[in-house]
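Reader: I am new to this structure and would like a close look at a single part of it. Could you take me through one helix and its surroundings, step by step?

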Amino acid sequence: ISSELVNYTDTHYATIPEKRARAISGLSMGGHGALWNAIRHKDIFGAAGSMSGGVDIRPFPNNWEMKKQLGELTANEAVWNSHTVINQVDKLANGDLALIIDCGESDFFLEVNKELHKRLLAYKIDHDFITRPGGHTGTYWNNSLDYHILFFCKFFNNDSRSMGNFIFKKSKNFLSYNLRSKPPLRLIRNHVFREKPRAGLTDAENRVSSHQASKAIPTSWTT
């Protein structure tokens, strides 16, 4: 994620290949993965987010086949402790990452998200923490995504030259977005593909395919 995916995106799309122009976010266990990658690769990502994230995996030792990778919790407590995001907070200094974390009030991950919020406060790490009515559902995440995109747009626009490359993580699926902020970036949720022309292909083969391509918006989203 932090090497092959980032390198592919920077090679094929019009990005700024610097951490100030990259963010990663995800939902559910993808939220854990997004924060895990960002904290371990602060040289790659400048901002990170989690929506309804499983930010402490230890209360769920029998879920999502995690013990196939980590072993049984009771016999491998040190391994589980070292592979959960909440225990990575001590690797952060304030300002290393711009962070946004949110979770629904009816979500089974709510308590671990509250604990992560408390841990970040204890270490004096600035972050946005949001709870709203809702559960572990697509309806909640559809709403959350707008807040995360707004947060990352503000992060990118702190540098007037910036255009961002946003990687959205959902479990093992990733969406990477190139966010251009000149002119000021508009919050649009259309899929518009603006890939760099590839040598050896005709204009027709290089033509963007999108149901919104005719709008000529300044934002490119790459799936």
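Author: In this predicted model, a good place to begin is helix H2, whose 12 residues should span 16 Å at 1.5 Å a residue, and the C-alpha atoms at its ends are indeed 16 Å apart, which agrees with that expectation. Since 10 of those 12 residues are buried, H2 is largely enclosed by the rest of the structure; the buried ones are Gly30, Gly31, His32, Gly33, Ala34, Leu35, Trp36, Asn37, Ala38 and Ile39.

Leu35 leads on to the largest nonpolar core, which has 31 residues and in which Leu35, Leu92, Leu99, Leu116 and Leu120 touch the most other members. Two or more residues of this core come from each of helix H2 (29–40), helix H3 (66–70), strand E3 (98–104) and helix H5 (110–122), and H2 gives the largest share, five residues. In soluble globular proteins, nonpolar side chains tend to be buried together.

Ile39 of H2 is among the contacts of Leu92, which, leaving aside neighbours within four places in sequence, also include Lys42, Leu97, Leu99, Leu120 and Ile125. A second core, separate from this one, has eight residues, including Ala98, Ile100, Phe151 and Phe156.

Another buried residue of H2, Asn37, is touched by Ser2, as are His41, Ile44 and Phe45, when residues up to four places away in sequence are not counted. Ser2 lies in the segment before helix H1 (4–12), and it counts as buried because its relative accessibility is 15%, where buried means under 20%. The side chain of Ser2 also makes a polar contact, at 3.2 Å, with the side chain of His41.

Terms used: Residues numbered from 1 in each chain as written. Predicted model: local features only at pLDDT ≥ 70, side-chain atom pairs only at ≥ 80, totals over all residues. Heavy atoms only, no water. Core = buried A, V, L, I, M, F, W, Y, C linked by side-chain atoms within 4.5 Å. Buried < 20%, exposed > 50% of the residue type's maximum accessible area, 1.4 Å probe, protein only. Helix = DSSP H or I, 4+ residues; strand = E, 2+ residues; numbered from the N terminus. Contact = heavy atoms within 4.5 Å. Polar contact = N/O pair within 3.5 Å; in protein donor to acceptor, adjacent residues only side chain to side chain. Expected span 1.5 Å × (residues − 1).
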